[in-house]
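Hello,

Here is the structure we talked about. My notes follow below it.

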Amino acid sequence: MSRIRILPDSLVNRIAAGEVVERPSSVVKELVENSLDAGAARVEVELTEGGRSRVRVADDGCGMDPDDALIALERHATSKIASADDLDRIATLGFRGEALPSIAAVSRFVLETSSDAAAGGARITVEGGRVLAVEGAARARGTTVEIRDLFFNTPARRKFLHAPATELRHAVDAVWGAALARPEVTFALRHGSRTLLDAPPARDTAERLRDLWPGAGRITRFADAAAGIEVDGLIATGDGRGRPALTLIVNRRVVRDRLLVGAVLRVLRETAGGLAGGRLVLELRLPPDDVDVNVHPAKAEVRFARGAAVFGLVQRAVRAGLAASHGQVAVRRLEVDEGHVSEPAAAGYGGLLRARRAADAPPLFAHPAYGEPAPEEAAPGGPPPPRAHRSGARAGAPDTPFGRLIGQYRSSFLVLEDDFGLVIVDQHVAHERVLYDRILSRLAGAVAPSQRLLEPLLLELGEAAAAALERVAGILARVGIEADAFGPDTVRISALPPELEPAAAGELVADLLDRATSLDGAPEGAASEVEEGLAADLSCRAAVKVNHRLGETEQRALLDDLARTSNPYRCPHGRPIILRLGQDEMERRLGRR
Ligand code: ADP
Ligand code: MG
């Protein structure tokens, strides 16, 4: 081994490029961020071959004078922060001064810029980090950066680039993100000779989303706030196929934060299928010193000072947003853009559900007034009853939120009819959904009913599990389970929520403690995962099973309660609750059409 050396800047820049520049879309992201930091009103992006052979970003921002333009290519040259204190309240997208030198180190790079058309500007040509030419250039105020042949001098990295179509997808995503975060800025995107995007200034994010994605279905807005943190969101329904796309924006910065994405995905999973093919845009605003953006080389991740509060609020907001998008429940400041066709299923049920929603939730199977007929004006705006007339038959008047109750099939399924055909409800998963929502709301602070056991349950679980009790006793208490330590390896359960059989309770608590023992050092959000796991477990174990006869009043009570849940179509594990056999399909199969 020879002596320690300080690496030359050119090499350091190439190493840094490995962190900042992963693919053409990273170049797009960094250059567009610079344009936005420069106060541009218009940003134009041009790509060739998905950006593999050419990326060009032009703006009408403040530009640079020729001296600054040269300095900007030096490592750690930035105009955006000056002291360590500035790091605590970063208001710009960039701040490290790494992007331009990193990009120039691994491409053929031309920067053209002017801060004042009258004074003239500069054109600087760099190849693989070496400045080849500095010339004067006449141009309007603003900056254009054009790079060709990304990674031409690092063949190993060039090999990792994907097909143009894939790189293009990532680059388009980067432009969409910036365009959603800054609706007031004009964005244009061209690929070869095709214009992929031409978005004029928009009033707000929803209007911008419409411009970016004319094919979006219904767009639902939601908002929530707590403890100085504000969340604004949009849910756009898509074609019902494929994974939903997520755009997360924190203080006007687009991020791909793993924990934040995880928190959102957990909620989407609960309502699986709820947003297939759709898009969720989530904007978080919080005081700058509550969030550290200086934790990731590409600034994709952030760290929150009050992570638990942020994730709790985000999950609550997204849950409410999804419910609203399914055409149920009122959300604070909810607006629904009905400019486009909404999902047929949502329209079919939505009106009825909305009409029912106002009533307070009565307890399940204790039935004060479930029998009242559904309001006449049910299903406003829904599609007209279509084919029912074909066969000469019409559905009976709906007497539950899901249609007219026909009865229970094999003590397991509730069967109904509505204007579209037959509706089959799985009673177990329906009840599971009802209980799950109820338990989650108890966890969120509602009072948990609890019944004292005549004889406490004693569970011998071993010392590790018994020791974990401390950590989850609070969660258990909030769902109505009273548990305490009874000797070093035994847990005593002395009260339970009314829905839970003592026999099922033992297993439930044992599972929970088992999960809690692995919780040490887990990231924030793990506690809420335990809570959700508990809610899912508890509701599954407490729900009525199949092969269980329900009286008519009970059937109606279950359907009413189901209609009030956050998602009557999917159980907490993602299984469908309702199966529909449409009149069309029935007639086709029976050879009538
Ligand atoms: P950072 O954005 O972290 O400051 P960059 O390497 O991306 O670092 O840019 C270095 C500097 O060059 C910026 O601080 C800014 O002063 C200047 N600059 C870069 N792009 C532009 C642009 N499009 N318009 C005006 N100035 C720019
Ligand atoms: Mg920058």
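**What turned up**

Leu 7, Leu 11 and Ile 15 make a nonpolar surface patch of about 260 Å². Of these, Ile 15 sits in helix H1, residues 9–20. Please keep in mind that this is a predicted model.

**Ligand 1**

The shell around ligand 1 has 20 residues, and Asn 34, Thr 78, Ser 79, Lys 80 and Gly 97 come nearest. Three polar approaches to its oxygen atoms are worth a look on screen. A polar side-chain atom of Ser 79 lies 2.5 Å from an oxygen atom of the ligand. For Asn 34, again through a polar side-chain atom, the distance is 2.8 Å. Gly 97 uses a polar backbone atom, 2.8 Å from a ligand oxygen. On its own, ligand 1 has 530 Å² of accessible area, and the protein covers 92% of that.

Which helices supply at least two residues each of this shell? They are H2 (24–37) and H4 (99–105). H4 gives the largest share, 3 residues. By class, the shell holds 8 nonpolar, 8 polar and 4 charged residues.

**A mostly covered helix**

Helix H7 spans residues 205–212, and 6 of its 8 residues are buried. The buried ones are Thr 205, Ala 206, Arg 208, Leu 209, Arg 210 and Leu 212.

**Salt bridges**

The whole structure has 41 salt bridges. Here are some of them.

Glu 112 and Arg 139 meet through their side chains at 3.4 Å, N to O. This pair links distant parts of the chain, 27 residues apart: Glu 112 is in strand E3 (108–114), and Arg 139 is in the loop between strands E5 (130–137) and E6 (142–148). Arg 139 has a relative accessible area of 17%, so it counts as buried.

Arg 580 bridges to Asp 418, with the closest N and O atoms 2.4 Å apart. Here the partners are 162 residues apart, Arg 580 in strand E23 and Asp 418 in strand E18 (413–418). Is each partner buried or partly exposed? Arg 580 is partly exposed because its relative accessibility is 32%. Asp 418 is buried because its value is 13%.

Shared partners join several salt bridges into one network: Arg 42, Glu 44, Glu 46, Arg 54, Arg 56, Glu 146, Arg 148 and Arg 190. Within it, the side chains of Glu 44 and Arg 42 meet at 2.9 Å, N to O. Glu 44 is partly exposed, at 22% relative accessibility. Arg 42 is also partly exposed, at 32%.

**Strand E23 again**

Leu 579 lies in E23, residues 578–582. At 52% relative accessibility, Leu 579 counts as exposed. Its C-alpha is 5.0 Å from that of Ile 424, though the two are 155 residues apart in sequence.

Best wishes

Methods. Residues are numbered from 1 along each chain as its sequence is written. Chains are lettered from A and ligands numbered from 1 in the order in which they are written. This is a predicted model: local features need pLDDT of at least 70, side-chain atom pairs count only at pLDDT 80 or more; totals for chains, interfaces and linings use all residues. Side-chain values use heavy atoms; hydrogens and water are left out. Patches are made of residues with over 30% relative accessible area and no salt bridge: like charges are joined within 9 Å, nonpolar side chains (Val, Leu, Ile, Met, Phe, Trp, Tyr) within 5 Å. Accessible areas come from the Shrake-Rupley method with a 1.4 Å probe; for residues, only the protein chains shown count as cover. A salt bridge is a side-chain nitrogen of Lys or Arg within 4 Å of a carboxyl oxygen of Asp or Glu. Helices (H or I, at least four residues) and strands (E, at least two) are DSSP runs, numbered from the N terminus. A residue is near a molecule or strand if one of its heavy atoms lies within 4 Å of it. A polar contact is a pair of N or O atoms within 3.5 Å; within protein, one must be able to donate a hydrogen and the other to accept it, and residues adjacent in sequence count only if both atoms are side-chain atoms. Ala, Val, Leu, Ile, Met, Phe, Trp, Tyr, Cys and Pro count as nonpolar, Asp, Glu, Lys and Arg as charged, and the others, Gly among them, as polar. Buried means under 20% relative accessible area, exposed over 50%, partly exposed in between (1.4 Å probe, protein chains only).
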